[in-house]
Every structure is written in structure tokens, then in C-alpha cells.
Amino acid sequence: REPHAPPQLAEPMIRCTECGVHAPKSDSVVVAGQPFCSAAHAQRHGARPTGRDAR
Ligand SMILES: [Zn+2]
């Protein structure tokens, strides 16, 4: 008697740092400790010039 079917675990969700949408963790991308819903958003967020704005 072995349960072959894995139990339906509630998948952990993350919140995209870029757009704020909730996405399953397995479908997310984590860059620099920050979760994103997709690699595109991770790149967009990373591409944003931070701390380089002229005063
Ligand atoms: Zn996003």
C-alpha cells in the first residue's frame, strides 16, 4: 500500500517585485533575493537604473 499519487500540496506563492502579481513559486524567478513572476520582469527590474539618477 504505497500512495503513488503525491498529495496536492498548496504551492507557495510569491509576489512579483516588479508588477506585484502573485505567481507560484515554481514558476517564479528569484534574483538577488527578490521574487519575480517571470525572467522578463526580473530583467526589467534589474535594468532599472538604481542610484544613478542625477541629483
Ligand atoms: Zn511581474
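Start by selecting Ser28: at 16% relative accessibility, this residue counts as buried. Keep in mind as you click around that you're looking at a predicted model. Ser28 sits in the loop between strand 2 and strand 3. Now show its side chain and look for the backbone oxygen of Lys25, which lies 2.7 Å from a polar atom of that side chain.

Which residues does Ser28 touch, leaving aside those up to four places away in sequence? Highlight Ile14, Phe36 and Cys37 to see them. Two of these names will come back on the tour, so leave them coloured.

**Next stop: Ile14**

Click on Ile14, which belongs to strand 1. Is Ile14 buried or exposed? With a relative accessibility of 9%, Ile14 counts as buried; the cut-off for that label is under 20%. Try the distance tool between the two C-alpha atoms of Ile14 and Ser28: they are 7.4 Å apart in space, while the residues are 14 apart in sequence.

Ile14 has plenty of other contacts to light up. Not counting residues up to four places away in sequence, Ile14 touches Val21, His22, Ala23, Lys25, Ser28, Pro35, Phe36 and Cys37.

**Zoom out for a moment**

Switch to the cartoon view and trace the protein chain from its N terminus. The elements come in the order β-β-β-β-α, so count along with the tour: four strands and one helix. Of the 55 residues in the protein chain, 16% are buried. As for contacts between residues at least 6 apart in sequence, 10% of them join residues at least 24 apart.

**The zinc ion**

Now select the zinc ion and show what surrounds it. Which atoms coordinate the zinc ion? You should find the SG atoms of Cys16, Cys19 and Cys37, plus ND1 of His41, at 1.9 to 2.3 Å. Try the angle tool too: the four donor atoms subtend angles of 100 to 123 degrees around the zinc ion, and that is why the arrangement is tetrahedral. Along the chain, the donors follow the spacing C-x2-C-x17-C-x3-H.

Colour Cys16 and Cys37 to see how this pair links distant parts of the chain, 21 residues apart. Cys16 is in the loop between strand 1 (13-15) and strand 2 (22-24), and Cys37 is in the loop between strand 4 and helix 1 (39-47).

Go through the cysteines one at a time and check how covered they are:

- Cys16 has 1% relative accessibility and counts as buried.
- Cys37 has 17% relative accessibility and counts as buried.
- Cys19 has 41% relative accessibility and counts as partly exposed.

With cysteines on screen, you may wonder about disulfides. A disulfide is a covalent bond between the sulfur atoms of two cysteines. How many disulfides does the count come to? The count is zero.

**Glu18 and its partners**

Stay in the loop between strand 1 and strand 2 and pick Glu18. At 16% relative accessibility, Glu18 counts as buried. Here's a bit of background: side chains of opposite charge can pair when their charged atoms come close. Searching the whole structure turns up one salt bridge, and Glu18 forms it with Arg44. The closest N and O atoms of the two are 3.6 Å apart. Arg44 lies in helix 1 while Glu18 lies in the loop between strand 1 and strand 2, so the pair ties together parts that are 26 residues apart in sequence. Arg44 itself is partly exposed, with a relative accessible area of 49%.

Before leaving, show His45 as well. The side chains of Glu18 and His45 are joined by a polar contact of 2.9 Å.

**Last stop: Ala32**

Finish by selecting Ala32 in the loop between strand 3 (29-31) and strand 4 (34-36). Buried or exposed, which is Ala32? At 76% relative accessibility, Ala32 counts as exposed; the cut-off for that label is over 50%.

If your viewer shows backbone torsions, have a look at phi here. Most residues other than glycine have a negative phi. Phi of Ala32, though, is near 55 degrees, a positive value in a residue other than glycine.

Technical notes: Residues numbered from 1 in each chain as written. Predicted model: local features only at pLDDT ≥ 70, side-chain atom pairs only at ≥ 80, totals over all residues. Heavy atoms only, no water. Helix = DSSP H or I, 4+ residues; strand = E, 2+ residues; numbered from the N terminus. Buried < 20%, exposed > 50% of the residue type's maximum accessible area, 1.4 Å probe, protein only. Donors = N, O, S within 2.8 Å, 3.2 Å for Na, K, Ca; no water. Tetrahedral: all angles 85-135°; square planar, octahedral: opposite > 155°, others 65-115°. Disulfide = S-S within 2.5 Å. Salt bridge = Lys/Arg side-chain N within 4 Å of Asp/Glu carboxyl O. Polar contact = N/O pair within 3.5 Å; in protein donor to acceptor, adjacent residues only side chain to side chain. Contact = heavy atoms within 4.5 Å.
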